[in-house]
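Work through the exercises below with the sequence and the 3D view side by side. Try each task before reading its solution.

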Amino acid sequence: MSLKKGLIIFILLAFGMGALIIFRSVDHETIRSLLAANKLKLLLALFVVFIAWVCDAGRFCALAFAAHEHVSFSMGIVLTWLNYFGSAVTPMQSGGGPFQVYALYTRGIPVGKGIAITLMRTMLTILILTLAVPIALILDPDILVGSPFLKGVVYYVFAFIIASWVFVVYTIMRPETIKKLSRSFVMLLRKFKFLNSRKRVIKLTQWLDREIDNYILNFRLVFNTGKFWLCVAIILSVLHLLALFTVLPVLMSAVGLPFRYVQTIAVQAVFMFILYFVPTPGASGVAEGGGALLYSILMPENMAGIMSIICRFFTDYISIFMGVIVVIRMLGWGVSENIHKGASVEDA
């Protein structure tokens with residue numbers, strides 16, 4: 001799937017589902033509540049999104065320091081927006097990493113280290129959600145009541161996350177096995193005529209070995225000499241998620257809806273947990289429709305759909321738009337397309 005096609009699918013699914021939600025759920029009471037919304041609280045929601053960006057950028061900086069590299073705060077903000085853009089145009093929100101790794105590489109950070117830094121950032125978020133979701137379900141078991149499909153999805157995601165962590169730990173403990181697999185991949189490329197010369201095979205093999213060493217070294221640096229910065233990254237990861245989850249209750253308050261803060265966090269934690277593994281680009285369509293379904297636990301149905309769209313606008317659409325600007329100005333569309341194609345090959 002090309003970069004342009006992924007972005008078009010994202011927009012069509014998001015707008016299509018948004019239009020369907022508005023048509024089926026919005027009534028006169030909904031419009032009245034929106035028109036009477038507290039403008040200062042809407043600005044507060046925007047400020048909370050900014051705090052989320054700051055926390056996300058800060059953990060990039062902290063993880064880079066843990067790996068004995070330097071990433072400026074402004075670069076951390078850029079990496080945050082690139083992640084939103086990359087995630088929006090790829091299935092399973094998998095495309096943010098390659099854009100971030102390329103941006104780090106342009107700042108002199110080796111590819112292997114860049115992969116480890118961005119992977120650690122993602123795994124921290126998933127680890128926190130993995131711990132938070134069971135707690136959320138204990139606090140509010142009604143989230144999954146009456147929805148066997150949703151319950152099955154949660155179990156599937158738990159299994160996927162456990163497998164992911166097993167893979168990461170295995171790569172750290174058995175780097176030689178990973179190198180053997182990479183060499184087998186290179187030979188497969190040569191077999192199918194993607195690599196014609198022996199010189200290219202040797203150069204690619206050496207480059208992969210070097211980057212795997214950088215990847216392993218980075219993880220060991222983080223857990224051995226970078227423990228302080230790792231702790232900082234964990235704290236910022238928790239604050240980042242709390243900031244994102246706070247946007248919805250602020251928006252609910254803006255339109256006069258009552259809420260229980262802990263319950264709103266619990267529902268959103270379960271929802272984000274699932275969205276990480278939705279196959280549509282940026283989880284578009286599912287995020288809007290699923291939000292309308294789950295948020296009906298928190299508010300009347302005539303408000304749940306539109307609040308799902310508005311919350312998504314604040315937490316995702318603005319960041320994706322900023323990511324588009326960064327991609328065009330910093331990388332250029334052509335370079336971004338090449339990065340995207342490279343990521344698609346790796347995913348395949």
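**Exercise 1. A helix and its length**

How many residues does helix α4 have, and what span does it reach from its first C-alpha to its last?

Solution. Keep in mind that this is a predicted model. Find α4 at residues 73–88. The helix has 16 residues. At 1.5 Å a residue, the expected span is 22 Å. In the model, α4 reaches 23 Å from its first C-alpha to its last, close to that expected value.

Now look at the surroundings of α4. Residues under 20% relative accessible area count as buried. In α4, 14 of the 16 residues are buried, so the helix is largely enclosed by the rest of the structure.

**Exercise 2. The whole chain**

Describe the secondary structure and the burial of the chain.

Solution. Start with the elements. The chain has 14 helices and 0 strands. Next, take burial. The chain has 348 residues, and 52% of them count as buried. Then turn to the outside. About 17200 Å² is exposed, and carbon and sulfur atoms supply 71% of that area. Last, consider the contacts with a separation of 6 or more. Of these, 77% are between residues 24 or more positions apart.

**Exercise 3. Thr 125 and its surroundings**

Is Thr 125 buried or exposed? Which residues does Thr 125 contact, leaving aside its neighbours within four places in sequence?

Solution. First place the residue: Thr 125 sits in helix α6, residues 111–139. Then check its accessibility. The relative accessible area of Thr 125 is 2%, so this residue is buried. Now list the contacts. Beyond its neighbours within four places, Thr 125 touches Arg 59, Leu 241 and Tyr 276. Take Leu 241 as one of these partners. Thr 125 and Leu 241 are 116 residues apart along the chain, yet their C-alpha atoms are separated by 7.9 Å.

**Exercise 4. A salt bridge between helices**

Which residue forms a salt bridge with Arg 121, and which parts does the pair tie together?

Solution. The partner of Arg 121 is Asp 56, with the closest N and O atoms 2.8 Å apart. Arg 121 lies in α6 and Asp 56 in α3 (residues 39–66), so the salt bridge ties together parts that are 65 residues apart in sequence. Both Arg 121 and Asp 56 are buried.

**Exercise 5. Salt bridges within a helix**

How many salt bridges does the structure hold? Find two that lie within one helix.

Solution. The structure holds 8 salt bridges. Begin with Lys 179 and Glu 176, whose closest N and O atoms are 3.9 Å apart. They are 3 residues apart in helix α8 (residues 175–191), so about one helical turn separates them. Compare how the two are covered. Lys 179 is buried, at 9% relative accessible area, whereas Glu 176 is partly exposed, at 45%.

Go on to Asp 316 and Arg 312. Their closest N and O atoms are 3.4 Å apart. These residues are 4 apart in helix α13 (residues 301–331), so about one helical turn lies between them. An α-helix has 3.6 residues a turn, so residues three or four places apart point the same way. Arg 312 has 7% relative accessibility, so this residue counts as buried.

Finally, look for salt bridges that share partners. Such bridges join Asp 56, Arg 59 and Arg 121 into one network.

**Exercise 6. A nonpolar patch**

Which elements give two or more residues to the nonpolar patch on the surface?

Solution. Begin with the members. They include Ile 135, Leu 139, Val 238, Leu 242 and Phe 259. Together the patch residues have about 860 Å² of accessible area. The elements giving two or more residues are α6, α10 (227–254) and α11 (261–275). The largest share, 5 residues, comes from α10. Take Ile 135 as an example from α6. Its relative accessible area is 49%, so Ile 135 is partly exposed.

**Exercise 7. Cysteines and a loop**

How many disulfides does the structure hold? Where is His 68 found?

Solution. The structure holds 0 disulfides. Check two cysteines. Cys 55 is buried, at 8% relative accessible area. Cys 61 is buried too, at 8%. Now move to His 68. This residue is in the loop between α3 and α4. Its phi is near 65°, a positive value in a residue other than glycine.

Note on methods:
Residues are numbered from 1 along each chain as its sequence is written. This is a predicted model: local features need pLDDT of at least 70, side-chain atom pairs count only at pLDDT 80 or more; totals for chains, interfaces and linings use all residues. Side-chain values use heavy atoms; hydrogens and water are left out. Buried means under 20% relative accessible area, exposed over 50%, partly exposed in between (1.4 Å probe, protein chains only). Contact means heavy atoms within 4.5 Å. Accessible areas come from the Shrake-Rupley method with a 1.4 Å probe; for residues, only the protein chains shown count as cover. Patches are made of residues with over 30% relative accessible area and no salt bridge: like charges are joined within 9 Å, nonpolar side chains (Val, Leu, Ile, Met, Phe, Trp, Tyr) within 5 Å. A salt bridge is a side-chain nitrogen of Lys or Arg within 4 Å of a carboxyl oxygen of Asp or Glu. A disulfide is a pair of cysteine sulfur atoms within 2.5 Å. The expected span of a helix is 1.5 Å times one less than its number of residues.
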